[in-house]
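Got the viewer open? Load the model, and let's take a walk through it.

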Amino acid sequence: MNQTEKKQRIDWLFALRRYITFFILMAFIITCCMLLFLNELTRTTGFLLTEDVVSDAAKLTFVNILFLTLICTLVDGLRRKFLVERPVKQIVKAAQQIMKGDFSVRIPPIRGLDPGSGFQEIADYFNQMAQELSGTETLRTDFIANVSHELKTPLAVIQNYGTMLQSPGLSEEKRMEYAKAVTDASRRLVSLITNILKLNKLENQKIYPAVETYDLGEQLCECLLSFENAWEKKELEIETDVEENVFVDTDAELLSLVWNNLFSNAIKFTEPHGTVSLTLKTEGDSAIVRVKDTGCGIPPEVGRHIFEKFYQGDTSHATQGNGLGLALVKRVIDIVGGDISVTSEVGTGSVFTVKIRRKSNAQA
């Protein structure tokens, strides 16, 4: 027995069950009504019904019950077909398309005689679920494509320079140059994988903040000093205006990811002899950190996507990063309950502003 025959058999069994249910209900109601009617008729008129009359009445009543039961069953079947089975089929068909990976499916408005049946509410939630799944699938596809691209670039560099290192008669100078290129590409690859793992843990909430109270100004200065070689190499001017005794109650290791990424980007995208500045001020219950540079700036259309994974607005600097740094920054700021924004002008520079809750001196 195939699936269709099995379904038809089940439908017939359900139809028979509904008919029997209606028959029992109808027989009970009509029998009670007839008994009451005959009893009242006998009491008021004193007329005694003969056995033949009772037999004929019983037979006629039984036929009426069968007929009325059939009508009720047909009416109920039509009601179920149009008000229950049709919307159920629409929902099942859409669910089957979702199972096949088609997240573009949507259930059209379900119109029926009974607006309170709940099917429209189910359809609305189903459409919302399909929309969310569609967005998630798009992000997943983009993520895989971007990861593949980002992994391919340093691997290609390693492969090419590794092949050239095998060339006979290679001079010591060239050998060192190729070896350095392999090392740099390997470091970029390690950085990419490390950031992917960190971001995955942050997005899946597998990293929980280790809350501690510490001096934010000291942390900022320590992070900035770790880039001393980088800014001296480009002969950048470093300006600082850090307010003292600004304490925060949060995860120091997570916030260090924020400052390191912001300082790294500011130095990376600032031309030689430019300026990078750091300020820390307090405004009410908040600590405001601003990292400013005189780099190439960010166009408005890029600024709207700057915190998205793998988004790189400046393709000329694509080899210097992997597009995950600011995504990490945004996720960390969200976890610690802060806020981050960017203002920029092309050719002038950018200012990243981070706002986090601070502790008062009395609490610290």
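Start with the whole surface: the chain exposes about 23,600 Å², with carbon and sulfur atoms supplying 58% of it (Shrake-Rupley method, 1.4 Å probe). Bear in mind that this is a predicted model, where local features need pLDDT of at least 70, side-chain atom pairs count only at pLDDT 80 or more, and totals for chains, interfaces and linings use all residues. Residues are numbered from 1 along each chain as its sequence is written, and side-chain values use heavy atoms, leaving out hydrogens and water.

Switch to cartoon and you'll see nine helices and seven strands (DSSP runs numbered from the N terminus: H or I of at least four residues for helices, E of at least two for strands).

Next, select helix 4, residues 172–203. Show the side chains of Arg-175 and Glu-172, which meet in a salt bridge at 2.3 Å, N to O (a Lys or Arg side-chain nitrogen within 4 Å of an Asp or Glu carboxyl oxygen). Farther along, Asp-184 and Lys-180 pair up at 2.9 Å; they sit four residues apart, about one turn of the helix. Add Arg-187 to the selection: Lys-180, Asp-184 and Arg-187 are linked in a network of salt bridges.

Now pick Asp-241 and Lys-281, joined by a salt bridge at 3.0 Å. This pair links strand 2 to strand 4, 40 residues apart.

Finish at residues 339–345 and 349–359: strands 6 and 7 run antiparallel, joined by seven bridges (strands pair if DSSP finds at least two bridges between them). Ser-341 has Thr-353 as its bridge partner. In the hairpin turn, click Gly-347, with its positive phi of about 85°.
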